[in-house]
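Colleague: I have just opened this one and would like a careful walk through it. Could you take me round, starting with a term I will need?

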Amino acid sequence: MKSAVAAFLRSYLASKKIHWDETLVIDIPKQKSFGDFSVNLALLLSKKVGQNPRTLAEEIKAYILNQDKKGIFEKVEVAGPGFINITLSVKKLQETVLEILKKDKKYGHSNLGNKTRILLEFVSANPTGPLHVGHGRWAVIGDDIARLLSAVGYKVHKEFYINDAGRQVEMLKESVHAILEGRDIPAGGYKGVYVKEIADLLSSKQDPKKLKARAIKHILTQQKHTLAALGVKFNFWFSEKSLHHKKTIQKTAKELVDKGVTYAKEGALWFRSTDFGDDKDRVLVRGSGEPTYFLGDITYHLNKYKRGYPHLIDVWGTDHHGYVKRLKSSMVALGYPEGSLEIIIGQLVSLYRRGEQVRMSKRTGEMITLKEVIEEIGVDATRYYFAMNDVHTHLDFDLEKAKEKSMENPVYYLQYAHARLSSILREAKKRGSKIKSKKDIFILDGADDRDLMKMLLDYPDELAVAASLRQPHRLLNFAKDLATYFHSYYHKNRVISDDKTLSSARLVLVSATRIVIRNILDLLGISAPDKM
RNA sequence: GUCCCUGUAGCUCAGACGGAUAGAGCAACAGAUUUCUAAUCUGUAGGCCACAGGUUCGAAUCCUGUCAGGGACGCCA
């Protein structure tokens with residue numbers, strides 16, 4: 001709906017031949033008396049045009065009212081220093097309810113993305129141990145972002161990069177090998193119980209050459225299971241080793257050399273990343289002739305572009321933030337547009353139980369795995385908890401609270417709203433109360449009806465914003481608000497009554513509300529129960 | 001020392017693009033159920049938006065500095 005309002009403003013600007021590059025800000029005011037949408041264009045324009053903002057606002061108001069042939073707006077008012085407050089007509093809101101029933105599962109979707117292909121890489125944990133809670137956050141956030149972007153018209157593919165080539169997996173092999181031969185695990189090796197399990201599993205298979213591959217495969221399989229249990233499915237699993245295999249890494253080094261952004265020093269090949277704003281230059285090929293992880297990663301990202309994705313998104317933990325600049329620099333150096341590689345840095349997760357922090361230590365092997373968390377609190381609460389906060393904030397994840405069925409755990413609040421909506425429809429059927437005609441919605445014009453309908457109308461805008469900012473938590477907040485509006489409506493208005501037309505009208509509204517809540521839960525991979 | 005994130009009610013957090021009286025849940029207190037699910041609703045109370053400057057018609061939001069918490073600064077991955 002915001003874009004419809006924006007269209008009126010653009011048309012106004014065009015009619016006055018005013019050039020306006022900045023985005024048009026259309027707000028949903030906090031205060032209800034200010035209407036459904038608020039526009040500050042007159043305030044911004046007054047500087048440029050040199051006119052009193054209120055006079056300008058009056059002019060815009062007159063223009064909008066004159067152009068509104070379909071009766072979308074009920075009221076357009078000039079207020080305060082020069083805001084234009086817009087109130088939608090009830091008719092527009094009622095029509096939106098019908099639109100929801102018609103579009104059903106597709107309601108809220110749009111084509112903002114214009115089918116642009118995006119490769120979204122996330123989790124990409126080392127295949128050296130089970131996934132932990134931190135990975136859980138990236139898994140849920142990454143998956144949600146993919147779902148949001150798909151819903152607004154991008155063609156998104158999800159990828160997991162398997163670091164199966166470096167020193168880490170070598171250490172894994174050494175560790176397993178040591179156990180099999182009854183030796184102590186070497187310094188820097190992996191000591192968790194899972195290493196012992198792998199050793200037990202592989203003890204009968206004697207071929208030591210295949211030990212590493214088998215250990216990796218085993219861990220990877222478990223990681224895949226855990227992610228699948230969370231409802232996270234990747235389109236591609238990309239092996240780092242496959243890059244080394246094909247010698248493409250050397251080709252990348254040559255490309256960089258050809259671009260003139262490298263130099264040799266102390267036997268190593270360096271990338272002059274300081275030319276691109278990095279704080280120091282970075283080694284691409286070591287003195288030993290071995291490529292660095294960095295060069296491998298450049299190759300990998302190059303590979304992504306070459307597979308036909310003009311836009312790349314990576315989701316990383318904050319412990320990798322120092323790496324952002326150099327990777328982006330390398331892509332710019334190779335001629336890819338700035339901004340076409342987007343890296344989302346998320347803060348880490350601390351695990352709590354009843355307010356006490358649960359320490360995670362790989363060294364002692366004492367840790368709670370993601371799998372255990374999912375088993376303990378369930379998929380819905382896990383997905384909700386990991387998605388409920390902005391990824392830029394540290395997340396304190398309290399296992400006990402996540403299990404509670406209270407408002408400390410809002411996932412139930414949302415699901416309860418859906419169950420209640422379902423229950424009303426079920427009960428109506430049982431009592432023979434039904435929707436006579438969808439057009440009965442046109443008799444609903446009370447303040448409560450209006451408020452609820454307005455929330456439903458806002459959903460597509462909220463989804464679009466959440467997707468473009470890559471912030472799934474915004475959608476959860478919206479869903480919570482919508483649920484509040486509905487719960488409140490429910491207490492004030494009886495849906496099923498002797499008044500057949502009124503019942504019919506309210507059943508239409510209930511159906512539409514249920515569709516929107518269900519769509520949001522579906523989108524975020526949380527189940528929408530009919531009964532609780 | 002340099003860089004990144006965070007600092008909003010007692011607690012957990014929303015407040016994209018600067019806007020009109022800063023919001024929600026939990027906890028506290030007071031209420032609501034013969035009626036479609038009380039895992040719900042209604043109300044009261046609770047704030048120097050870390051601190052200090054600056055930018056402007058207007059700042060929780062932008063800029064600078066300070067303080068506090070977390071993280072990163074390898075020819076590791």
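Modeller: Let me begin with strand pairing, where two strands count as paired if DSSP finds at least two bridges between them. Please also keep in mind that this is a predicted model.

Colleague: Fine, so what is the bridge partner of Val78 in β4?

Modeller: The partner of Val78 in β4 is Ile84, and Glu77 has Asn85 of β4 as its bridge partner. These belong to the pairing of β3 with β4, which is antiparallel and runs over six bridges.

Colleague: And how many residues sit between the strands of that hairpin?

Modeller: The hairpin of β3 and β4 has three residues between the strands, and in this hairpin Gly80 takes a positive phi near 55°.

Colleague: In what order do the strands of the open sheet come?

Modeller: The sheet has four strands in the order β1-β2-β4-β3, with antiparallel pairing. The edges are taken by β1 (26-27) and β3 (73-79), and each of these has a single partner strand, so one side of each is left without a neighbour in the sheet.

Colleague: Which helix lies across β2 and β4?

Modeller: That is helix α17, residues 447-468, which lies across β2 (37-39) and β4 and runs at about 105° to β4.

Colleague: Let me step back to the whole chain. How many helices and strands does chain A have?

Modeller: Chain A has 19 helices and 15 strands, and its C-alpha atoms fill a box of roughly 80 × 60 × 40 Å along the principal axes. Of the 532 residues in chain A, 50% are buried. If you take the contacts between residues at least 6 apart in sequence, 72% of them join residues at least 24 apart.

Colleague: Now the RNA. Which residues come nearest to strand B?

Modeller: There are 67 residues around RNA strand B, and those that come nearest are Gln31, His392, Tyr416, Arg420 and Ser423. By class, this surface has 22 nonpolar, 25 polar and 20 charged residues.

Colleague: What share of the RNA atoms within 4 Å of the protein belongs to sugar or phosphate?

Modeller: For RNA strand B that share is 61%, and the rest of those atoms belong to bases.

Colleague: Which residues have polar atoms 3.0 Å from the strand?

Modeller: Among them is Glu266, where a polar backbone atom is 3.0 Å from a base nitrogen of RNA strand B. A backbone N or O atom of Met532 lies 3.0 Å from a base oxygen of the strand, whereas Asn389 uses a polar side-chain atom, which lies 3.0 Å from a sugar or linking oxygen. As for the elements, those that give two or more residues to the surface near RNA strand B are α2 (41-49), β4 (83-88), α6 (167-180), β9 (268-271), α16 (411-430) and α18 (472-492). The largest share, eight residues, comes from α16.

Colleague: Staying with α16 for a moment, is Ser422 buried or exposed?

Modeller: Ser422, which is placed in helix α16, counts as buried because its relative accessibility is 5%, and the cut-off for buried is under 20%. A polar atom of the Ser422 side chain lies 2.9 Å from the backbone oxygen of His418, and the Ser422 side chain also makes a polar contact, at 2.9 Å, with the side chain of Arg514. Leaving out residues up to four places away in sequence, Ser422 touches Arg514, Pro529 and Asp530.

Colleague: Back towards β4, then. Where does Ser89 lie?

Modeller: Ser89 lies in the loop between β4 and α4 (90-103), and Ser89 is buried, with a relative accessible area of 9%. The Ser89 side chain reaches the backbone oxygen of Gly71 at 2.8 Å. If residues up to four places away in sequence are not counted, Ser89 touches Gly71, Ile72, Phe73 and Glu74.

Colleague: One last topic, at what angle do α13 and α14 pack?

Modeller: Helix α13 (residues 370-377) and helix α14 (residues 379-387) pack at about 115°, with their axes 6 Å apart. The contact is made by Leu370, Val373, Ile374 and Ile377 of α13 together with Val379, Ala381, Thr382 and Phe386 of α14. The residues of this contact divide into seven nonpolar, one polar and no charged.

Definitions and conventions:
Residues numbered from 1 in each chain as written. Chains lettered and ligands numbered in written order. Predicted model: local features only at pLDDT ≥ 70, side-chain atom pairs only at ≥ 80, totals over all residues. Heavy atoms only, no water. Near = heavy atom within 4 Å. Polar contact = N/O pair within 3.5 Å; in protein donor to acceptor, adjacent residues only side chain to side chain. Nonpolar A, V, L, I, M, F, W, Y, C, P; charged D, E, K, R; others polar. Buried < 20%, exposed > 50% of the residue type's maximum accessible area, 1.4 Å probe, protein only. Contact = heavy atoms within 4.5 Å. Axes fitted to C-alpha atoms, helices over the stretch in contact; angles between N-to-C directions.
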